[in-house]
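Trainee: Please take me closely through one part of this structure: the pockets. I would like to hear what lines them and where the ligand fits in.

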Amino acid sequence: MKKVMLTGDRPTGKLHVGHYVGSLRRRVELQNTGDFDDIFIMIADAQALTDNADNPEKVRQNIVEVALDYLACGLDPEKSTLFIQSQVPELCELSFYYMNLVTVSRLQRNPTVKAEIQMRNFEASIPVGFFTYPISQAADITAFKATTVPVGEDQMPMLEQTKEIVHKFNSVYGETLVDPKILLPENEACMRLPGIDGKAKMSKSLNNCIYLSEEPEEIKKKVFSMFTDPMHIRIEDPGKLEGNTVFTYLDAFCRPEYFPEFLPEYANLDELKEHYKRGGLGDMKVKRFLNSVLQAELEPIRTRRKEFQKDIPAVYEILKKGSEKAEAVAAETLREVKAAMKINYFDDMALIKEQSEKFAE
Ligand code: TRP
């Protein structure tokens, strides 16, 4: 079987370091292994509209921001197909047929939908499109016969929903769709990178993000304002690692080679953590180290982004080419789906013959 990777992001803002360690970095690594026959990276604008219907301008403006972030991180249009969801209408058609295979109560039990309904105070007034977006996500994944879907933990319910639709479809209509596997981030810190304030999740509305395109002085300011251990007041005090944002970020970003480069007194992160727990290591020193690490990680991304920003028409061209390729692949899957569902009347010679015989005396 072909190995196909598919994943995507909603274009509701620039991407931040949470997106990076949660999925983006992994995608680029996987892309560069050359292990995949096909890679599809989708800007999920139609999904973004399910809860931004009154703000199309926001979605429109952020298409290029997300595309630039992708290219800056090293997604290569020669190796990965970058495309825009709304430009592949086959996805709507697939969603429409999958809707017959999912119950209302099943959607209501989807933890992501449930949580978002509460968070956004939608409750009774939830748009139908938003309510059914897990189904549309199943269409995104199955249209490309994805075998691997690298996403954050929050997307697990969507993958479960997709697998259920795949199983149901295949059992009712015959083996047609491919069962995808979720690929979660490598460690706890990458799974749930907190905002700089230590709050659960990085989010634009909480104003606690570090963006991939952030300038060096801003990164520094944000690192120095990070939440640590409020009980670690004097340098001699023993410090706590749990809930300490600076250490969580080090878990997500630090590489062994950064110690000889920026903090040669310590052999590795474990040694640094031990010293902090024991007492005698000040927050400032750890923050200075994290700042060096983040600057080293983000500098090449920012520089590449600026290069791509010089030719925005070329970025649109990449997305247009990618969307055309994506549509061709989705159209082939849709053809197979319609054949399995017996709604392929005009290219089913056996059907036409059978009907002719039925009406002949
Ligand atoms: N729901 C994803 C998010 O909020 C975006 C998305 C849409 C997606 N369709 C997808 C992710 C298909 C993986 C596969 O980030």
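Mentor: Start with the second largest pocket. Its lining residues divide into six nonpolar, eight polar and one charged. The space in this pocket comes to about 230 Å³. Its lining counts 15 residues, and those closest to its centre are Ala46, Thr50, Cys92, Ser95 and Ser136. Three elements give two or more residues to this lining: α2 (45–49), α4 (90–98) and α8. Keep in mind that this is a predicted model.

Keep α8 in view as we move on. It also supplies at least two residues to the lining of the largest pocket. So do β1, α1 (17–33), α6 (111–119) and α10 (188–191). The largest pocket holds about 1,600 Å³ of space. Its lining has 50 residues, and Arg10, His19, Asp154, Gln155 and Lys201 are the closest to the centre. By class, that lining splits into 19 nonpolar, 17 polar and 14 charged residues.

Now the ligand. The space it takes is the largest pocket. Two elements each give two or more residues to the shell around the ligand: β1 (4–9) and α8 (133–143). The α8 element thus returns once more, having already appeared in the lining of the second largest pocket and in that of the largest pocket.

Look at the shell itself. There are 13 residues around the ligand, and Met42, Gln47, Gln137, Asp140 and Gln155 come nearest. The shell has six nonpolar, five polar and two charged residues.

Next, the polar atoms. Gln137 places an N or O atom of its side chain 3.0 Å from a nitrogen atom of the ligand. Gln155 has a polar side-chain atom 3.0 Å from a ligand nitrogen atom. Arg10 has a polar side-chain atom too, lying 3.3 Å from an oxygen atom of the ligand. How much of the ligand does the protein bury? Taken alone, the ligand exposes 360 Å², and the protein buries 90% of that.

Put the residues together. Gln155 is among the residues nearest the ligand, and it is also among those closest to the centre of the largest pocket. Arg10 is another of those closest to that centre, and its side chain faces a ligand oxygen atom at 3.3 Å. Gln137 is one of the residues that come nearest the ligand, with its side-chain N or O atom 3.0 Å from a ligand nitrogen.

How values were computed:
Residues are numbered from 1 along each chain as its sequence is written. This is a predicted model: local features need pLDDT of at least 70, side-chain atom pairs count only at pLDDT 80 or more; totals for chains, interfaces and linings use all residues. Side-chain values use heavy atoms; hydrogens and water are left out. A residue is near a molecule or strand if one of its heavy atoms lies within 4 Å of it. A polar contact is a pair of N or O atoms within 3.5 Å; within protein, one must be able to donate a hydrogen and the other to accept it, and residues adjacent in sequence count only if both atoms are side-chain atoms. Accessible areas come from the Shrake-Rupley method with a 1.4 Å probe; for residues, only the protein chains shown count as cover. On a 1 Å grid over the protein atoms alone, a cavity is a set of points where a 1.4 Å probe fits but cannot get out, and a pocket is an open set with protein on both sides within 12 Å along at least five of seven lines; lining residues have an atom within 4 Å of a point. A molecule sits in a cavity or pocket if more than half of its atoms lie within 2 Å of its grid points. Helices (H or I, at least four residues) and strands (E, at least two) are DSSP runs, numbered from the N terminus. Ala, Val, Leu, Ile, Met, Phe, Trp, Tyr, Cys and Pro count as nonpolar, Asp, Glu, Lys and Arg as charged, and the others, Gly among them, as polar. Grid points are joined across faces, edges and corners, and a volume is the space filled by probe spheres set on the points.
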